[in-house]
Amino acid sequence: MKERSSEKITKRLIHSILEREWSANAPLPPERELATHYQVGRPTIREALQRLERDGWITIRKGAPAIVNDYWKHGNLMTIVNILQHHDDIPDEFIVYMLELRITLTPTYVRDALLHHRLQIISLFIPLQELTDAPKSYADFDWKLQKSIAELSPNPVFLLILNSFEDIYGKMAEKYFLEPSHRQASKAYYEQFLEATLKGDLDHAEFLTKQMMATSLELWKTKMNGGV
């Protein structure tokens, strides 16, 4: 689908905020000036500003220019997605943030899915036999596995959260799986998790998940510190 003019302007305004052309608590130029600058009509600018307010980037004021927010305090999930889409290469520190988030979220939806759909989870590991020792292969497998398990959880919010990061998950995962040791650790986790699930030892499967999420974070931090 062709991108709407307001969507293009929204992205350009986000770019300007991220590049600190306008800092937090600073006013944006009036609609009229923005329309002239971007060579679009004021209704397009107004629609773009409404999008920015929805995602926590700005606060619209009646009869006055909008104010730029501190997006870390006023943003939402889409704010994170917007920030990551701004980068051609996912910043290392954002991978830390996402791995920390996984430590909190993943064991919960894995436990819920195991309790209700153990046999379906076992079937998700059939493609494990076709896994090749390549970053993209691991990234694709891990995304499909995580998304499918979240979908089996009775709480639909977990899947909604994962869906929000679908466009950027692959980039982050491929960067993470560039390290052979990271692939090896994940392969061992997949095999141990499957074995515990086949045996019906759901507590151990949940423990393995918690352990792997913490291990992934430590492995990535070690890489960031030059292997120290």
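The legends below accompany close-up views of one predicted protein model.

**View 1. The whole chain is built from 12 helices and two strands.**
Read from the N terminus on, the elements of this predicted model follow the order α-α-α-β-β-α-α-α-α-α-α-α-α-α, and the C-alpha atoms, taken along the principal axes, fill a box of roughly 65 × 40 × 30 Å. The protein has 228 residues, and buried residues make up 43% of them. When the contacts between residues at least 6 apart in sequence are considered, 66% of these contacts join residues at least 24 apart.

**View 2. Ser-6 belongs to helix H1, which covers residues 5-18.**
Is Ser-6 buried or exposed? Ser-6 has a relative accessible area of 3%, and because buried means under 20%, this residue counts as buried. Its side chain makes a polar contact with the side chain of Glu-47, at 3.1 Å. If its neighbours within four places in sequence are left aside, the residues in contact with Ser-6 are Thr-44, Glu-47, Ala-48 and Arg-51, so Glu-47 appears both in this group and as the partner in the polar contact.

**View 3. The largest nonpolar core of the protein has 69 residues.**
Within this core, the residues with the most contacts are Leu-13, Trp-57, Phe-125 and Tyr-190. Helix H6, which runs over residues 92-116, supplies the largest share of the core, with 10 residues. The surroundings of Trp-57 can be followed one by one: leaving aside its neighbours within four places in sequence, Trp-57 is in contact with Ile-14, Ile-17, Leu-18, Leu-52, Ile-67, Val-68, Asn-69, Tyr-71, Thr-79, Asn-82 and Ile-83.

**View 4. The largest pocket has a volume of about 320 Å³.**
A total of 13 residues line this pocket, and those closest to its centre are Glu-7, Lys-11, Ile-14, Asn-82 and Gln-85. Which elements give two or more residues to the lining of the largest pocket? They are H1, helix H3 (42-54) and helix H5 (77-85), and of the elements, H1 gives the most, with five residues. Sorted by class, the lining of this pocket divides into two nonpolar, five polar and six charged residues. Two of the residues closest to the pocket centre, Ile-14 and Asn-82, are also among the residues in contact with Trp-57.

**View 5. The largest cavity encloses about 210 Å³ of space.**
Of the 16 residues that line this cavity, Leu-99, Arg-102, Asp-142, Tyr-169 and Tyr-176 are the closest to its centre. The elements that contribute two or more residues to the lining are H6, helix H10 (166-176), helix H11 (180-199) and helix H12 (202-224). By class, the lining of the largest cavity is made up of 12 nonpolar, two polar and two charged residues. The protein has two cavities of 30 Å³ or more, and the second largest is the subject of the next legend.

**View 6. The second largest cavity holds about 110 Å³ of space.**
Its lining consists of Met-98, Leu-101, Arg-102, Leu-105, Thr-106, Tyr-109, Gln-146, Phe-158, Ile-161, Leu-162, Phe-165 and Tyr-169. The elements that give two or more residues to this lining are H6 and helix H9 (157-164), and H6 provides the largest share, with six residues. The lining of the second largest cavity has nine nonpolar, two polar and one charged residues. Arg-102 and Tyr-169, which belong to this lining, are also among the residues closest to the centre of the largest cavity.

**View 7. Arg-20 and Gln-39 are residues other than glycine with a positive phi value.**
Arg-20 is placed in the loop between H1 and helix H2 (31-38), and its phi is near 65°. Gln-39 is found in the loop between H2 and H3, with a phi near 60°. Why does Arg-20 count as exposed? Its relative accessibility is 71%, and because exposed means over 50%, Arg-20 falls in that class. Gln-39, at 72% relative accessibility, counts as exposed by that cut-off.

Technical notes: Residues numbered from 1 in each chain as written. Predicted model: local features only at pLDDT ≥ 70, side-chain atom pairs only at ≥ 80, totals over all residues. Heavy atoms only, no water. Helix = DSSP H or I, 4+ residues; strand = E, 2+ residues; numbered from the N terminus. Buried < 20%, exposed > 50% of the residue type's maximum accessible area, 1.4 Å probe, protein only. Polar contact = N/O pair within 3.5 Å; in protein donor to acceptor, adjacent residues only side chain to side chain. Contact = heavy atoms within 4.5 Å. Core = buried A, V, L, I, M, F, W, Y, C linked by side-chain atoms within 4.5 Å. 1 Å grid on protein atoms, 1.4 Å probe; cavity = no way out; pocket = protein on both sides within 12 Å on 5 of 7 lines; lining within 4 Å. Points joined across faces, edges and corners; volume = space filled by probe spheres on them. Nonpolar A, V, L, I, M, F, W, Y, C, P; charged D, E, K, R; others polar.
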